[in-house]
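This note sets out several points on the packing of the structure shown below. The points are numbered for ease of reply.

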Amino acid sequence: MAFTGRTETVGGGTDRRSALSRYALLPLRVFLGVTFVYAGLDKLTDSAFLASSGPGSLGELMRAVRDSAAIPGLVDLALKSPVGFGYAIGIGELAVGIGTLLGLFARVAAVGGALISLSLWLTVSWATTPYYYGNDLAYLMAWLPLVLAGAPMLSADAALRRRRFRGGRRAFRGSLPA
């Protein structure tokens, strides 16, 4: 298949819609991957965020949203070690973003992204009204197609799948009697 999105069909024609539909999730993957890499790096390089208290710290943010969170227990858990929780979120976002961009363990990365977005929605942005002003719910919904479909095109997962298929086919041919 050429990059133009043309594929050959039985009649010798092209089926552009079918070819392009295979790439439909690629813009979403790039957006979420870049966004989560940026968010992770931003958190991990911000000394104010990674502090237990003070302006811009995760500790202050958690104390501010504790009483309005849907699940205050999650906030309490973060408050036990705000610095450790900040590192965990930052590293998690970075890992999810890299996995999504590379398409490596894409479904696992998407589940991770969905869980991060869900936890942020249930804590930090739960009290946002109207609900559609909060972005964490939208991110959660954006991860779901990648949870379901993975990264079928232009991904490490697809390359590994092709390699396994070719290797399995060779092994099968070699086992046939002459």
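1. Leaving aside neighbours within four places in sequence, with which residues is Ala-110 in contact? In this predicted model, the residues that Ala-110 contacts beyond that sequence window are Trp-143, Leu-146 and Val-147.

2. Ala-110, Trp-143 and Leu-146 also belong to the largest nonpolar core, which has 12 residues. The other members are Leu-32, Phe-36, Val-96, Ala-114, Ile-116, Leu-137, Tyr-139, Leu-140 and Ala-142.

3. Two or more residues of this core are given by each of helix 2 (26–44), helix 6 (106–123) and helix 7 (135–149). Helix 7 supplies the largest share, namely 6 residues.

4. A second core, separate from that one, contains 8 residues, among them Leu-50, Leu-58, Met-62 and Val-65.

5. The pairing of helix 5 (residues 82–102) with helix 6 merits its own point. Their axes come within 8 Å and cross at roughly 140 degrees. Helix 5 is therefore oblique to helix 6, as angles count as roughly antiparallel when over 145 degrees. The crossing of helix 5 past helix 6 is left-handed.

6. On the helix 5 side of this contact are Gly-92, Glu-93, Val-96, Gly-99 and Thr-100; they meet Ala-109, Gly-112, Gly-113, Ile-116 and Leu-120 of helix 6. Sorted by class, the contact has 4 nonpolar, 5 polar and 1 charged residues. Val-96 and Ile-116, both listed in this contact, are also members of the 12-residue core.

Methods: Residues numbered from 1 in each chain as written. Predicted model: local features only at pLDDT ≥ 70, side-chain atom pairs only at ≥ 80, totals over all residues. Heavy atoms only, no water. Core = buried A, V, L, I, M, F, W, Y, C linked by side-chain atoms within 4.5 Å. Buried < 20%, exposed > 50% of the residue type's maximum accessible area, 1.4 Å probe, protein only. Helix = DSSP H or I, 4+ residues; strand = E, 2+ residues; numbered from the N terminus. Contact = heavy atoms within 4.5 Å. Axes fitted to C-alpha atoms, helices over the stretch in contact; angles between N-to-C directions. Parallel < 35°, antiparallel > 145°, perpendicular 65-115°, else oblique. Left-handed = near helix turned anticlockwise from the far one by under 90°. Nonpolar A, V, L, I, M, F, W, Y, C, P; charged D, E, K, R; others polar.
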